[in-house]
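Me: Could you give me a close look at the aromatic rings here, and at what surrounds them? A connected account would suit me better than a list.

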Amino acid sequence: VDDSNYLNNVAVSLKKSMTIKLRLVSSVYSLDDNIRNFFYINIDAPEGLFEQMTAIKKLKKSSKSELWRFFPVIANRLLNIVCLDEEISKQALISLMSIIQTISNNGGHKLLACYVNYFLANFEEGSTRLTIFEAVVKIFKETLLSNRLVPTEHWIIFGIIFRSMLFYITDQSLKDQSRYERFSPEFTANLLELLDILLENPSKGSHDQGTYCALFLKDLLSVLDRGFVYKHIHDFMENSTTSNPWQETGKQLFLRIFLNYEHFVPLNMPVDLHMKEEESLGDFSKRLKHKHFIVGTIINEVSKYYEKSTDLRETNDLRAHAIQNLREILSKHEQDGRYNTQDKQSLIAGMYFPFLVVILDTDELGNGINVLQDFEKRDWLTCFMYVIRNINEDLFKDWIVK
């Protein structure tokens, strides 16, 4: 027996029956060339700008699995570049948005949310660099104006901005400082312009952008000057035109989201106001709407759809949504354990007194309520009964007399 042939035959048979493949699984070292090259670039070397731009652009060509695995590290490094406020910063934000979209399209919403809540880096502020929220807002606005960026999942960008603002307030010990003085006028101006761009032109964002912007504004109530938020809501509500269906629907989205704000009642500052002797119902109603801004906005939306020129016999979804919004917030007030006494309910109902004025001023509504759809009629009467049952007795008498 030829031993060498025997051993060769055994080796060949084993070779055919067993294969071993090794694959590196690492949270430190990526197998994707584009990701690896991105981490190797030196962002502090100005002479390597072309290589830096190339490496950042190629990130979106990386494998989806590697983008998932290294997303928190990639996002933090890109945001670090964004804070440099240079030409490369714009490309970094564009690449970050592209990666976010890729992950979102593959079911990565939980990963994106976890990144904002737990993995977002808090970079130290330097003399030559902006904070995350300043840089992202500034560059986001510039890229939108130059049509270089079409955001689709910008809810995470709003999350990054808001989380960074919280970091800044904590680091700078600004919790007890006036909301008006926490952030620079330049930042608030850029933020206002950014939101205006997204809301005025739906083509520059996703179909959910109205919801995202409203949720973001609601979050800002806890950290930013509330006058800024009020001004933006007022401008959007006043400047929207009925010829734009998206803006009309956006109004209802805005209101519905703010109605769900946990501190909606103190936000509107209910007080015991009384009608002056020489004051008319209309003037008193205007004074109440000005005092309680968001409540006044809700009532204005209701009254708009019940004007004399409106045919109540026709089904109108926007009109139905407007009165439904009012009914829902009144129901929340009545069931809220924090306001379960008659005195508190009376103060709250007083904010909605202009709704009774709407009834008197709208002849078509008073004469034609029976032609409404049943669900709309039920909502209308529910709102009416809540206000009548709970308003101050003196205010009720004034309403009857005048």
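Reply: Happy to. Let me begin with a term: a charge is said to sit over a ring if NZ of Lys or CZ of Arg is within 6 Å of the ring centre and within 35 degrees of the ring normal. In this model, which is predicted, R77 meets that description, lying over the face of F38 at 5.5 Å from the ring centre.

From a charge over a ring we can turn to rings beside rings. A pair of aromatic rings is described by the distance of the centres and the angle of the planes. The search of the whole structure turns up 11 aromatic pairs. One of them joins F183 and F187, whose ring centres are 5.7 Å apart and whose planes meet at 50 degrees, so this pair is tilted. Planes under 30 degrees apart would count as stacked and those over 60 as edge-to-face, and the 50 degrees of F183 and F187 therefore belongs with neither. Both partners are buried: F183 has 7% relative accessibility, and F187 has 3%.

For a contrast, look at W380 and F384, a stacked pair with 5.9 Å from centre to centre and 0 degrees between the planes. These two sit 4 residues apart in helix 20 (residues 374–390), which means that about one helical turn separates them. W380 is buried too, with a relative accessible area of 7%.

Coming back to F183 and F187, they have further company. Together with F133 and Y168, they are linked by ring pairs into a cluster. While you are in this stretch of the chain, have a look at the loop between helix 8 (155–171) and helix 9 (185–200), where S173 is placed. S173 is not a glycine, yet its phi is positive, at about 55 degrees. Unlike the buried F183, S173 is exposed, with 63% relative accessible area. M269 offers a second case of a residue other than glycine with a positive phi, here about 50 degrees. Its loop runs between helix 13 (264–268) and helix 14 (281–291), and at 45% relative accessibility M269 counts as partly exposed.

Now for the wider setting of the rings. In soluble globular proteins, nonpolar side chains tend to be buried together. Here the largest nonpolar core holds 118 residues, and the members that touch the most others are F71, I157, L220, L326, Y352, F353 and F355. Helix 4 (residues 64–82) gives this core its largest share, 9 residues. Setting aside residues up to four places away in sequence, F71 touches L96, I99, I100, I103, L111, L112, Y115 and I156.

All of this takes place in a chain with 21 helices and 0 strands. Of its 402 residues, 48% are buried. Among contacts with a separation of 6 or more, 73% join residues 24 or more positions apart. One example of how helices meet is given by helix 3 (residues 49–57) and helix 5 (residues 87–105), whose axes come within 9 Å and cross at roughly 10 degrees. The two helices are therefore roughly parallel. On the helix 3 side the meeting involves L49, Q52, M53, I56 and K57, and on the helix 5 side I88, Q91, A92 and S95.

Conventions
Residues numbered from 1 in each chain as written. Predicted model: local features only at pLDDT ≥ 70, side-chain atom pairs only at ≥ 80, totals over all residues. Heavy atoms only, no water. Phe/Tyr/Trp six-rings, centres within 6.5 Å; stacked < 30°, edge-to-face > 60°. Buried < 20%, exposed > 50% of the residue type's maximum accessible area, 1.4 Å probe, protein only. Core = buried A, V, L, I, M, F, W, Y, C linked by side-chain atoms within 4.5 Å. Contact = heavy atoms within 4.5 Å. Axes fitted to C-alpha atoms, helices over the stretch in contact; angles between N-to-C directions. Parallel < 35°, antiparallel > 145°, perpendicular 65-115°, else oblique.
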